[in-house]
Amino acid sequence: MAGVSISEVGITRAIMRSALKILDEYSSVDVAIVGAGPSGMTAAYYLARAGLKTIVLERRFSFGGGIGGAASHLPSIVVEYPASEILSEDFGVRLQDMGDGLFVIDPAEMMAKLATRAIDAGAKFLLGINVEDVIIRDNPPRIAGLAVYWSSIQMANIHTDPFFIEAKAVVDATGHDAEVVTVAARKNPDLGLKVPGERSAYASVAEDLVVKYTGRVMEGLYVTGMAVAAVYGLPRMGPIFGSMIMSGKRVAELIINDLRSR
Ligand code: 48H
């Protein structure tokens, strides 16, 4: 092709120069969100829109978390008001009104639009990154960032030491296992953190409680989405996603408020 000089080393250098700059730039952020599921991506959009330097760290090579699997692989995601209005107005997602206050959305559209809006607002997504630990400070106890490594290394089950990302706020958006709060609790018993795990299904109650309990677990560490149910022993809701969106928005509002009032 005229004017294009392609060589193997040229391709490699383009990747290295760009990627190492990105890793350098994002080694210190305002907010590090762990998990690119519905709650994490919703939070990322509102945080980035508020001008906070926001990174989303996702173990898989794709975003969406549980959205793609939806309810037993059936191609319809259910949400209720007011998440329906937020998805329509802020994310441009198309909804079908099913009556009884329930709406359905195409899962692929929901995943794509949550991610697009978050990325366009300025959030940086890093895929294939596994978060394995937190950075801790004492006096007063505070979570100050994350220890991460490549998911491929985790899958190969070989050991390497991690690298670090410093953050003013860390968000556990890892879903059912609340992995960030769990590792912080296990490795630092003096923090007094507990992760009892979620309770059996009680959808109407769970939808409200997950949003209500969304927030700060300790200084520097916040929880959103299904991880809230694990951390506070709340019931699960099954395949309805309204509270994931509301929880993501709420955690963003709380962090924006906390970081601005510092
Ligand atoms: C990097 C990680 C790590 C790690 C996990 O499960 P998610 O979709 O999470 P939520 O809370 O946003 O949404 C929950 C929803 O999908 C759901 O499961 C519902 C509503 N269930 C109700 C019910 O009753 O069953 O996404 C979490 C994401 C995933 O993409 C993981 O790969 C990722 O986090 N992740 N990424 N490092 N240590 N742990």
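Helices (H or I, at least four residues) and strands (E, at least two) are DSSP runs, numbered from the N terminus. The model shown in every view is predicted.

**Figure 1. The nonpolar surface patch that includes Val4.** Val4, Ile6, Ile11 and Ile15 make a nonpolar surface patch of about 400 Å². Val4 belongs to the segment that comes before α1, the helix of residues 8–25. With a relative accessibility of 44%, Val4 counts as partly exposed, because that class lies between the limits of 20% for buried and 50% for exposed.

**Figure 2. The largest pocket and its lining.** The space in the largest pocket amounts to about 690 Å³. Its lining consists of 34 residues, and those that lie nearest the centre are Gly65, Gly66, Thr174, Gly175 and His176. By class, the lining holds 16 nonpolar, 12 polar and 6 charged residues. At least two lining residues come from each of α2 (38–49), β2 (54–58), β7 (129–137), α6 (179–187) and α8 (226–232). Strand β7 contributes the most, with 3 residues.

**Figure 3. The loop between β9 and α6, with Gly175 and Ala178.** Gly175 is one of the residues nearest the centre of the largest pocket, and its place in the chain is the loop between β9 and α6. A relative accessible area of 18% makes Gly175 buried, since the buried class covers values under 20%. Ala178 also has its place in the loop between β9 (163–172) and α6. Ala178 is buried as well, at 0% relative accessibility. The backbone of Ala178 has a positive phi of about 40 degrees, although the residue is not a glycine. Most residues other than glycine have a negative phi.

**Figure 4. Asp100 and its positive phi.** Asp100 is found in the loop that runs between β4 (96–99) and β5 (102–105). Its phi is near 55 degrees, a positive value in a residue that is not glycine. Asp100 has a relative accessibility of 81% and therefore counts as exposed.

**Figure 5. Two cis peptide bonds, one from Tyr81 to Pro82 and one from Asn139 to Pro140.** Most peptide bonds are trans. The bond from Tyr81 to Pro82 is cis, with an omega near 5 degrees. Pro82 sits in the loop between β3 (77–80) and α3 (83–91). The bond from Asn139 to Pro140 is likewise cis, and its omega is near -5 degrees. Pro140 sits in the loop between β7 and β8 (142–150).

**Figure 6. The salt bridge between Lys168 and Asp30.** In total, the structure holds 9 salt bridges. One of them joins the side chains of Lys168 and Asp30, with an N to O distance of 2.7 Å. This pair links distant parts of the chain, as Lys168 belongs to strand β9 and Asp30 to strand β1 (residues 28–34), 138 residues apart. The two partners fall into separate accessibility classes: Lys168 is partly exposed at 39%, whereas Asp30 is buried at 14%. For orientation relative to Figure 3, the C-alpha atoms of Asp30 and Gly175 are 22 Å apart in space, and these residues are 145 apart in sequence.

**Figure 7. The salt bridge between Asp133 and Lys187.** The side chains of Asp133 and Lys187 meet at an N to O distance of 3.1 Å. Asp133 is part of strand β7 and Lys187 of helix α6, so this salt bridge ties together parts of the chain that lie 54 residues apart in sequence. Asp133 is buried, with 16% relative accessibility. Lys187, by contrast, is partly exposed, with a relative accessible area of 43%.

**Figure 8. A salt bridge within helix α9, and a salt-bridge network.** Glu253 and Lys249 form a salt bridge whose closest N and O atoms are 3.7 Å apart. Both residues belong to helix α9 (residues 242–260), where they are separated by about one helical turn because they are 4 residues apart. Glu253 is partly exposed at 43% relative accessibility, and Lys249 is also partly exposed, at 22%. Elsewhere, Arg94, Glu109 and Lys113 are joined into one network by salt bridges that share partners.

How values were computed: Residues are numbered from 1 along each chain as its sequence is written. This is a predicted model: local features need pLDDT of at least 70, side-chain atom pairs count only at pLDDT 80 or more; totals for chains, interfaces and linings use all residues. Side-chain values use heavy atoms; hydrogens and water are left out. On a 1 Å grid over the protein atoms alone, a cavity is a set of points where a 1.4 Å probe fits but cannot get out, and a pocket is an open set with protein on both sides within 12 Å along at least five of seven lines; lining residues have an atom within 4 Å of a point. Grid points are joined across faces, edges and corners, and a volume is the space filled by probe spheres set on the points. Ala, Val, Leu, Ile, Met, Phe, Trp, Tyr, Cys and Pro count as nonpolar, Asp, Glu, Lys and Arg as charged, and the others, Gly among them, as polar. Patches are made of residues with over 30% relative accessible area and no salt bridge: like charges are joined within 9 Å, nonpolar side chains (Val, Leu, Ile, Met, Phe, Trp, Tyr) within 5 Å. Accessible areas come from the Shrake-Rupley method with a 1.4 Å probe; for residues, only the protein chains shown count as cover. A salt bridge is a side-chain nitrogen of Lys or Arg within 4 Å of a carboxyl oxygen of Asp or Glu. Buried means under 20% relative accessible area, exposed over 50%, partly exposed in between (1.4 Å probe, protein chains only).
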